[in-house]
Amino acid sequence: MIRAVLFDLDGTLADTAPDLGGALNRVLTAHGRDAIPLHALRPFTSQGVRGLLRAGFGIGQDSPDYTSLADEVLQQYQAHICDETRLFQGMDQLLDELEARGLRWGIVTNKHARFTTPLIDALGLGKRAACIVSGDTTARAKPAPDSLLFAARAIEISADACIYVGDDKRDIVAAQSAAMLPVAAQWGYLGVDDPIETWGASHILQHPLQVLDCLGAAG
């Protein structure tokens, strides 16, 4: 039986796209380019700064301008990390219900700790989460299973008794590799590549509270 629920952060637990998109748009305008509407940026935000620069400047990590532009975006993001970020609708109620049932919940994200920690604290979740695992906590980030397995050890619960909820294919791949129940968040950003139905998730959920329906599933 499920004893813990672990969440991806961006696009799953919290809607961080307004602040991530805002950071990119401030850099775009500083470079004389037009800002991009938030709805067009949402699918790219699950890939972090890599996705944002792909959307805004059309460049990848092999571009000579990548590092400097990435630094600019991250500086802007750090300065405005929780201006408009909010938990997704229903997530508050889900976390309350998990706690009421005596289940532990935590966060496993590819976002580095220098962003994760202040954001989680700003959202008022720092003292509630059973664990917070960032992208630089372990040697390999998702889609490798390392960070999910680290989280399971941290909360002292077997990986196969954990659900992992995410909005990107790499979340599902990592959960499968860690022997956790892989659950896809349809309400999230979903990326711009493979459709959610092809990820191999055990469940595709439309709303955070539907996580409660998965609690009886074997990991």
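1. A nonpolar core is a set of buried Ala, Val, Leu, Ile, Met, Phe, Trp, Tyr and Cys residues joined through side-chain atoms within 4.5 Å. With that in hand, welcome to this structure, which is a predicted model. Its largest nonpolar core has 51 residues. Phe7, Leu13, Leu53, Leu98, Ile163 and Val165 are the ones with the most contacts inside this core. The element that gives the most to the core is helix 1 (residues 17–30), with six residues. A second core, separate from this one, has 18 residues, among them Leu148, Ile157, Tyr164 and Met180.

2. Phe7 is a good place to start looking around. Leaving aside neighbours within four places in sequence, Phe7 is in contact with residues including Leu13, Leu98 and Val165, which are also listed among those with the most contacts inside the largest core. Other contacts of Phe7 include Met91, Leu94, Leu95, Trp105, Ile107 and Tyr164.

3. Next, the aromatic rings. The count of aromatic pairs comes to three. In one of them, Phe7 and Trp105 sit edge-to-face, with 6.5 Å from centre to centre and 70° between the planes. Phe7 belongs to strand 1 (residues 4–7) and Trp105 to strand 4 (residues 104–108), so this pair ties together parts that are 98 residues apart in sequence. Phe7 and Trp105 are both buried.

4. Now to the sheet. Six strands form an open sheet in the order 5-4-1-6-7-8, and the pairing is parallel. At the edges are strand 5 (132–133) and strand 8 (203–205), each of which pairs on one side only. Three bridges join strand 7 (residues 181–185) to strand 8 in the parallel sense. Ala185 has Leu205 in strand 8 as its bridge partner. Helix 5 (residues 91–100) packs on the sheet, where it touches strand 1 and strand 4. The direction of helix 5 makes about 150° with that of strand 1.

5. The charged side chains deserve a careful look too. How many salt bridges does a search of the whole structure find? The search finds 11. One of these joins Lys142 and Asp8, at 2.9 Å from N to O. Lys142 is in the loop between strand 5 and helix 7 (146–155), while Asp8 is in the loop between strand 1 and strand 2 (14–15), and the two are 134 residues apart. Both Lys142 and Asp8 are buried.

6. Another salt bridge starts from the loop that holds Asp8. The side chain of Asp10 meets that of Lys111 at 3.0 Å, N to O. Asp10 lies in the loop between strand 1 and strand 2, and Lys111 in the loop between strand 4 and helix 6 (113–122), which puts them 101 residues apart. Lys111 and Asp10 are both buried.

7. Are the partners in the next bridge, Asp193 and Arg54, buried or exposed? Asp193 has 52% relative accessibility and so counts as exposed, because exposed means over 50%. Arg54, at 38% relative accessibility, counts as partly exposed. The closest N and O atoms of this salt bridge are 3.8 Å apart. The bridge links Asp193, in the loop between strand 7 and strand 8, with Arg54 in helix 3 (residues 48–57), 139 residues away along the chain.

8. Salt bridges with shared partners join Asp8, Lys142 and Asp171 into one network. Asp171 is found in helix 8 (residues 169–177). With a relative accessible area of 1%, Asp171 is buried. Leaving aside neighbours within four places in sequence, Asp171 is in contact with Asp8 and Lys142, and also with Tyr164 and Gly166.

9. Helix 3, the home of Arg54, also has a buried side to explore. Its buried residues include Val49, Leu52, Leu53 and Phe57, along with Gly51 and Gly56. Among the elements that cover the buried residues of helix 3 are helix 1, helix 2 (38–45) and helix 4 (66–79). After helix 3 comes Gly58, which has a positive phi, near 65°.

10. One last stop is Ala144, in the loop between strand 5 and helix 7. Lys142 is in this loop as well. Ala144 has a relative accessible area of 13% and is buried. Its C-alpha atom is separated by 8.2 Å from that of Arg170, although the two residues are 26 residues apart along the chain.

Key: Residues numbered from 1 in each chain as written. Predicted model: local features only at pLDDT ≥ 70, side-chain atom pairs only at ≥ 80, totals over all residues. Heavy atoms only, no water. Buried < 20%, exposed > 50% of the residue type's maximum accessible area, 1.4 Å probe, protein only. Helix = DSSP H or I, 4+ residues; strand = E, 2+ residues; numbered from the N terminus. Contact = heavy atoms within 4.5 Å. Phe/Tyr/Trp six-rings, centres within 6.5 Å; stacked < 30°, edge-to-face > 60°. Pairing = 2+ DSSP bridges. Axes fitted to C-alpha atoms, helices over the stretch in contact; angles between N-to-C directions. Salt bridge = Lys/Arg side-chain N within 4 Å of Asp/Glu carboxyl O.
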